[in-house]
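Here is a set of exercises to work through with the structure open beside you. Try each task before you read its solution.

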4 protein chains.
Amino acid sequence: MSEQAHTPIPLKWVGPLRISGDVTDEISVPLATYETPLWPSVGRGARISSLIDGGIRAVVVDERMSRSVVFEADDAATALAAWRRLESSREELQSVISATSRFARLIDLHVQIVGDLLFLRFELTTGDASGHNMVTLAAERLMDHILSVEPGLRYGSISGNYCTDKKTSAVNGILGRGKNVVTEALIPRELVTKRLRTTAERMATLNTRKNLLGSLVAGSLRSANAHYANMLLAFYLATGQDAANIVEGSQGITRAEDRDGDLYFSCTLPHLIVGSVGNGKGLPQVEEALTRLGCREDRPAGENARRLAVLAAAAVWCGELSLMAAQTNPGELMRSHVVLERGSRPTP
Amino acid sequence: MSEQAHTPIPLKWVGPLRISGDVTDEISVPLATYETPLWPSVGRGARISSLIDGGIRAVVVDERMSRSVVFEADDAATALAAWRRLESSREELQSVISATSRFARLIDLHVQIVGDLLFLRFELTTGDASGHNMVTLAAERLMDHILSVEPGLRYGSISGNYCTDKKTSAVNGILGRGKNVVTEALIPRELVTKRLRTTAERMATLNTRKNLLGSLVAGSLRSANAHYANMLLAFYLATGQDAANIVEGSQGITRAEDRDGDLYFSCTLPHLIVGSVGNGKGLPQVEEALTRLGCREDRPAGENARRLAVLAAAAVWCGELSLMAAQTNPGELMRSHVVLERGSRPTP
Amino acid sequence: MSEQAHTPIPLKWVGPLRISGDVTDEISVPLATYETPLWPSVGRGARISSLIDGGIRAVVVDERMSRSVVFEADDAATALAAWRRLESSREELQSVISATSRFARLIDLHVQIVGDLLFLRFELTTGDASGHNMVTLAAERLMDHILSVEPGLRYGSISGNYCTDKKTSAVNGILGRGKNVVTEALIPRELVTKRLRTTAERMATLNTRKNLLGSLVAGSLRSANAHYANMLLAFYLATGQDAANIVEGSQGITRAEDRDGDLYFSCTLPHLIVGSVGNGKGLPQVEEALTRLGCREDRPAGENARRLAVLAAAAVWCGELSLMAAQTNPGELMRSHVVLERGSRPTP
Amino acid sequence: MSEQAHTPIPLKWVGPLRISGDVTDEISVPLATYETPLWPSVGRGARISSLIDGGIRAVVVDERMSRSVVFEADDAATALAAWRRLESSREELQSVISATSRFARLIDLHVQIVGDLLFLRFELTTGDASGHNMVTLAAERLMDHILSVEPGLRYGSISGNYCTDKKTSAVNGILGRGKNVVTEALIPRELVTKRLRTTAERMATLNTRKNLLGSLVAGSLRSANAHYANMLLAFYLATGQDAANIVEGSQGITRAEDRDGDLYFSCTLPHLIVGSVGNGKGLPQVEEALTRLGCREDRPAGENARRLAVLAAAAVWCGELSLMAAQTNPGELMRSHVVLERGSRPTP
């Protein structure tokens, strides 16, 4: 009852997308999914990107990986005193971290004191790895170190959920976790009319009512989009990522504005967790996908992973644009689903 | 640039798990994942379940699938009047729905009025399908119908994000979406000591500090667990589910209590979205997995899907128990990760 | 060290406001506050309402008061079975409630099962009282009754925070608590220009960026407004309300849309908790304020309280409109604050 | 229709409370409220504090006041470039701030980039003032300055809701706003039994089920307590605070743990907004209350306000302890409410 095998997920390369900004390229992206209507949907967005000057402009605003730990303190005052000492001894903490990896670099440190509990959040850059294991190892050594220098503290937990991994939160968007990527473009009126069969005004109205107000009444948290999770899942599976991180990935913000008839459309993904090395990357089809995406090049540490994040974010932009446009037109969503599913269903 | 292929995800059958309650069985579950340390982790939980009388007790508390739509109304009073009429004409709405599917049955209806916008949330049972397409089609016809009888309303959007699909929310847990499943067991003290190398007291303390308090300070929403998303992703990929629904799936609640030295451990998954028929189910390896799980039997509509939901929730219970136990012990998490990854890395 | 006295809060009657819809009137409202710039701010909105046909249109969408209780159950299956029995014996529950008050009427019942815990949320109409004490008393008797008929349940808590009182939540907006009131108006372009010194377009843009996007990145929950809490506090203090309920009151939604140059402006307050009878209402200045507001009339139970809710919501609309307009103009906020504070500071 | 007057709120000095830590004192606190059962409830907690060695230990973890502004940028890259320049020119920003107040000092700066919008959050210490006006004035000047040096930016709003004021959020707890105060004590078993008529175990269980799990299922956000808002409202009104800030104040965390039969009880208030100078402070009864509390002394800037925050937090601890204890006992809550209301109702 423990045999090992593989589950093949249908995959298609969709595009090419046109991108500029932190990455400049025209390139297709691989999407592995059981929900194959996603392919033509992203494809429509990609075609539009290829018809715009500069295509999708992408900016990597920030990057880091985090792990939080918990200590029991003698009391809140002890927790606070320990925090103040740790905050002012970052070099010491860095030297502990450096013994675990040459890529791990401490860039920030945050705290929550809840009664006599001390939550510390270590924030590191981790080169081309998504960094889950790197920060866990660093956190373990940091805990050992801290316990040795702070007699008023005791072990609470190696993971305190103030990280937070694969769970919805506000902290990841406010303090950062993974790559923070913005993709945006101004889509000329003619493209909006001909290719999306809608108008900038209708897109702006829909975005406000559905993504902002609808999400708000649903009790969503730092989340205003139609379906980022779909594109991220497919891109993550195709590129060997830990796809459970679509949970955080799904918390992003779509904006659509009518600018004199042209459509400003942007996707903000504050915590996109990807790596070009690490778990899952040794498999041949993953290796091939990463290579074809240009994310296995010999570049300074971190650049391959940032490129990968930009490509993921660009794929999100394409799929989001296309679905939003469909929803401005009564009946189009269902029609396209039925047609697309019939036409593109994977042959088993 | 548009060739089609497959991405093979490493898969293993883990178990057997022992389950009682709404499903009674001893059965292994398939987990497809790049994060292969998950297999022995779930395996440890499974072994414990097999040593407990009755194993994991599972209850399906509720089931439904939802789609929300938005209308523009002349004003808030018009929206309210329309809502009152619709609320009292459920049979009429059901007859519209019945024309779209013999499985779709309207079980509830909810509303949000925001200024002059009317958000309606249709809640249906959908047989053995997860029901995304079924409710979208039903919602489309319902919109047409409503627009024909309510002159004060105009089309807003076929999806108003008050549904809400693949996005974090509070509404899905409060009003329901997918299967609401509770898994629980009382684990005798000896098993806690020998198999989990911890105590009920330490588990209870960790759960309060990490899953409850840690999640709380992270600004999480209706979410208190360590890593439900990992088990759900692997189970969903292996069984042909739309795995982007792990976003909602990740919002669940772990409880751990010390009951005279025994450990009460439960996982509550309020919105587990699974189907035993529908998209992705025609692929041979999916068909095989569902068949082996006993979810392709000739049973009353909905029973195969409920069985599938219980099996998913039981796998979550196993993996959650195992990781929580590891985190009560300083150093164990990293050690086990390193060992397990070396030992069980999939051969490419 | 325990002497009793009074704290006098500066109070002013502001208006008149013009209202139509569920209440039709031209009436001033009392605002008690230390933050006296609030008076001219609400006053500006009131003047605008008086210049619009019909003034502010107000609709009471829903009303109820809730209390949740918690039971320990033998296990989740026992909790679910108890819930199903209770759900289908509402008349029995109503007869228990009727013995506590002639006003309390059960209108709905909701559940959360978390492992072996059973949270029940009783939802009642409570006549002209805000109803905190009425539902607490009813809940206490209901618990006694339920414990007597359900041997698998034990007392958990008389208040389970699924109510939820004076704390931020999503549940109150989704299931309802207090009065759900919408206020809205279409403000002609000339008034927007002359009286608010702005345009509909600038108001719409500001509302999207500040109230929707800004609140979203702040990790707000079901909340998109500038300062509802200010108006509610002042109105509540002047009318003898339990002003701690501004916590829930603050979670409301402002909309601003440019409709061909006119400004559509609405405030949605999903859980406005007010009463015209009950605690604090016996004090002479409160009695006087309620009488002057027309909320001590001899009307069917509930009407005085609904009238009070509409007046509160109308005051919110006025203050929100005015502050939002000020923030569209660089420098105006600070200038008006300085001027107003100097001009209207209460004479001690 | 615009006459000015006062609303007298019933006020009582409750205590004395015993406090140690950042403030050491035995002192009564003034509570102004229509909900007079609050007085004996806080009184019971105060008596307990006076029977414990050291009483309530209080720690001020952090303090700051924030204001966020919004700029439109040419695009996201422009927003990011501007942010990077601003982040590294803090001295320049400080010199702009210093021209507005000798107390305002910039201690941190945070950013959110959403498409082409730039949200900046200025965080300042503000001496003994709560600081709303001080940071607004500083923000206004900072905007002028930034607009003069960054040609790619345009005015968005003086308040971007990423502050965030009088509205529920996660950002205030994660980045800080107001005073972050922890109050805690270990209450000996005998006191728990005799004075609170409960046990540490029952308190711990109730806290987990009601404040943690109940709030969680309610979809609360960074909030786990029974009724902080009640004590804060009464204390704020008595001391001339802007009581609308109880909205943020209500988001705090109660912990209760059984430590060998003794009760560890703590209240964490991450964003308590108070000032000993500023709006509302000139009124004679406020002046008297602040003087009697020892918050009008000639001390270094900020110390009077910190003292006030500690006293507020200690009052919260007392009231929270008492209500939680009552809820562990079936029937006690209602009985005490009825008795107390009859006994202590303010004489009109």
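**Exercise 1. Describe the contact between chain A and chain B.**

Step 1. Begin with the residues: 95 from chain A and 95 from chain B take part in the contact, where contact means heavy atoms within 4.5 Å. Before going on, note that this is a predicted model, in which local features need pLDDT of at least 70 and side-chain atom pairs count only at pLDDT 80 or more, while totals for chains, interfaces and linings use all residues. Residues are numbered from 1 along each chain as its sequence is written, chains are lettered from A and ligands numbered from 1 in the order in which they are written, and side-chain values use heavy atoms, with hydrogens and water left out.

Step 2. Now take the area. About 8000 Å² is buried between chain A and chain B, and carbon and sulfur atoms give 58% of it. Buried area is the accessible area (1.4 Å probe) that two parts lose on being put together, summed over both.

Step 3. Look for charged pairs. Two salt bridges are counted between chain A and chain B; a salt bridge is a side-chain nitrogen of Lys or Arg within 4 Å of a carboxyl oxygen of Asp or Glu. B:R209 makes a salt bridge with A:E72, with 2.7 Å between the closest N and O atoms.

Step 4. Add the polar contacts: 35 residue pairs across the interface of chain A and chain B qualify, both residues at pLDDT 80 or more. A polar contact is a pair of N or O atoms within 3.5 Å; within protein, one must be able to donate a hydrogen and the other to accept it, and residues adjacent in sequence count only if both atoms are side-chain atoms.

Step 5. Finish with the chain A side. Strand β1 (residues 4-21) of chain A gives the most to the side that touches chain B, with 11 residues. Helices (H or I, at least four residues) and strands (E, at least two) are DSSP runs, numbered from the N terminus.

**Exercise 2. Do the same for chain B and chain C.**

Step 1. Here the contact takes 31 residues from chain B and 31 residues from chain C. The buried area is about 2300 Å², with 59% from carbon and sulfur atoms.

Step 2. Six salt bridges are counted between chain B and chain C. In one of them, C:D116 pairs with B:R259, the closest N and O atoms being 2.9 Å apart.

Step 3. There are also 16 residue pairs in polar contact between these chains, both residues at pLDDT 80 or more.

**Exercise 3. Which two chains does the salt bridge of A:D116 and D:R255 join, and where do its partners lie?**

Step 1. The closest N and O atoms of A:D116 and D:R255 are 2.8 Å apart.

Step 2. A:D116 sits in the loop between β4 (105-114) and β5 (117-125) of chain A, and D:R255 in strand β8 (residues 253-259) of chain D, so the pair joins two chains.

Step 3. Check the burial of each partner. A:D116 is buried at 3% relative accessible area, and D:R255 is buried at 2%. Buried means under 20% relative accessible area, exposed over 50%, partly exposed in between (1.4 Å probe, protein chains only).

Step 4. Compare a second pair, D:R57 and A:D75, whose closest N and O atoms are 3.9 Å apart. D:R57 is partly exposed at 28%, whereas A:D75 is buried at 17%.

**Exercise 4. Place strand β7 (residues 178-187) of chain C in its surroundings.**

Step 1. Nine of the 10 residues of β7(C) are buried, so the strand is largely enclosed by the rest of the structure.

Step 2. Find its partners. Strand β3 (residues 56-73) of chain C runs antiparallel to β7(C), joined to it by seven bridges; two strands pair if DSSP finds at least two bridges between them. C:R57 has C:E184 as its bridge partner in β7(C).

Step 3. β7(C) also pairs with strand β9 (residues 262-272) of chain C, antiparallel over eight bridges. There, C:V182 stands opposite C:T268.

**Exercise 5. Is C:R307 buried or exposed, and what does its side chain meet?**

Step 1. C:R307 lies in helix α11 (residues 303-327) of chain C and is buried, at 12% relative accessible area.

Step 2. A polar atom of the C:R307 side chain lies 2.7 Å from the backbone oxygen of C:L293.

Step 3. Beyond its neighbours within four places in sequence, the contacts of C:R307 include C:V23, C:D25 and C:R299.
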